[in-house]
Amino acid sequence: IGLITFSGKSSVHSTPTLDHAALTSMITNLDVHLLKQTGSDFSKPLQDLIHIAEFKSDNYAAILISDGEPLPEEQEYLEEILALKAAHVAIFTIGLGSDSGSPLNLYSPEDVYNRVQNPRTIKTIQTKRVSRTLKEIASETGARYFELEDGVWVPDVIKALDKIENREI
């Protein structure tokens with residue numbers, strides 16, 4: 001299991017590892033990084049996955065969790081998807097949010113960093129789930145798309161991952 005976060009920039013916190021305790025500790029202590037932009041630009045985390053695939057001989061799967069809402073300009077990820085497909089990296093995608101959208105508060109980075117109990121809201125944006133790109137990424141890499149609607153997606157994702165040949169979860 002590995003971890004990459006993204007929002008304006010991509011951060012590789014861990015390449016795939018069998019040290020689940022260390023990764024669990026890392027996730028528990030993970031601070032929310034600044035939201036540099038709104039909208040989904042998957043090129044940077046997909047490029048990180050390509051880079052990892054170049055140095056990891058084992059096939060692995062990735063889970064991309066996002067609302068899928070595109071940046072103001074439409075992005076295409078054909079080059080990255082083809083590279084991941086060639087490296088046999090299946091990317092399961094999970095769509096968050098709702099079709100109708102909802103407000104999302106962006107908090108003061110200083111307050112978040114200092115762990116202020118009620119951080120100041122610096123901006124409120126409207127966000128909604130847009131599944132087109134998420135479905136395309138999953139389909140083209142031989143994986144599945146899931147929507148987080150009722151919280152039961154975790155067992156479904158585990159079942160889907162278990163069906164991939166030569167994988168241990």
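Which residues of E3 make up its covered face, and which its uncovered one? In this predicted model, the covered face consists of Ala 62, Leu 64 and Ser 66, while Ala 61, Ile 63 and Ile 65 form the uncovered face. The pattern is a familiar one, because side chains in a regular strand alternate between the two faces of the sheet. Strand E3 covers residues 61-66 and runs parallel to E4, with six bridges joining the pair. Within this pairing, Ala 62 of the covered face stands opposite Ile 91 in E4.

Both of these residues lead on to helix H2. Leu 49, a buried residue of H2, is in contact with Ala 62 and Ile 91, and also with Ile 4, Tyr 60 and Leu 84, once neighbours within four places in sequence are left aside. The helix itself comprises 13 residues, 43-55. At 1.5 Å a residue it should span 18 Å, and its end C-alpha atoms lie 19 Å apart, so the expected and modelled values agree.

Much can be said about how H2 is surrounded. Its buried residues are Ser 43, Pro 45, Leu 46, Asp 48, Leu 49, Ile 50, Ile 52 and Ala 53. These pack against strands E1 (3-6), E2 (10-14), E3 (61-66) and E4 (90-95), as well as against helices H3 (78-86) and H5 (132-140).

The helix also features in the largest nonpolar core, which holds 24 residues. Phe 42, Leu 46, Leu 49, Leu 84, Ile 91 and Ile 137 are the members that touch the most others. Two or more residues come from each of H2, E3, H3, E4, H5 and strand E7 (145-147). Of these elements, H2 gives the most, with five residues.

Polar residues deserve a look too. Ser 43, located in H2, has a relative accessibility of 13% and therefore counts as buried, the cut-off being under 20%. Beyond its neighbours within four places in sequence, Ser 43 is in contact with Tyr 77 and Glu 80.

Glu 80 belongs to helix H3 and brings a charge into the picture. What is the nearest side chain of opposite charge to Glu 80? That side chain is Lys 44, at 10 Å. A salt bridge would require a side-chain nitrogen within 4 Å of a carboxyl oxygen, and Glu 80, although buried, has none. Leaving out residues up to four places away in sequence, Glu 80 touches Ser 43, Leu 46, Gln 47 and Ile 50. Among these contacts, Leu 46 is also one of the core residues that touch the most other members.

How values were computed:
Residues numbered from 1 in each chain as written. Predicted model: local features only at pLDDT ≥ 70, side-chain atom pairs only at ≥ 80, totals over all residues. Heavy atoms only, no water. Helix = DSSP H or I, 4+ residues; strand = E, 2+ residues; numbered from the N terminus. Expected span 1.5 Å × (residues − 1). Buried < 20%, exposed > 50% of the residue type's maximum accessible area, 1.4 Å probe, protein only. Contact = heavy atoms within 4.5 Å. Lys, Arg positive; Asp, Glu negative; His and termini not counted. Core = buried A, V, L, I, M, F, W, Y, C linked by side-chain atoms within 4.5 Å. Pairing = 2+ DSSP bridges.
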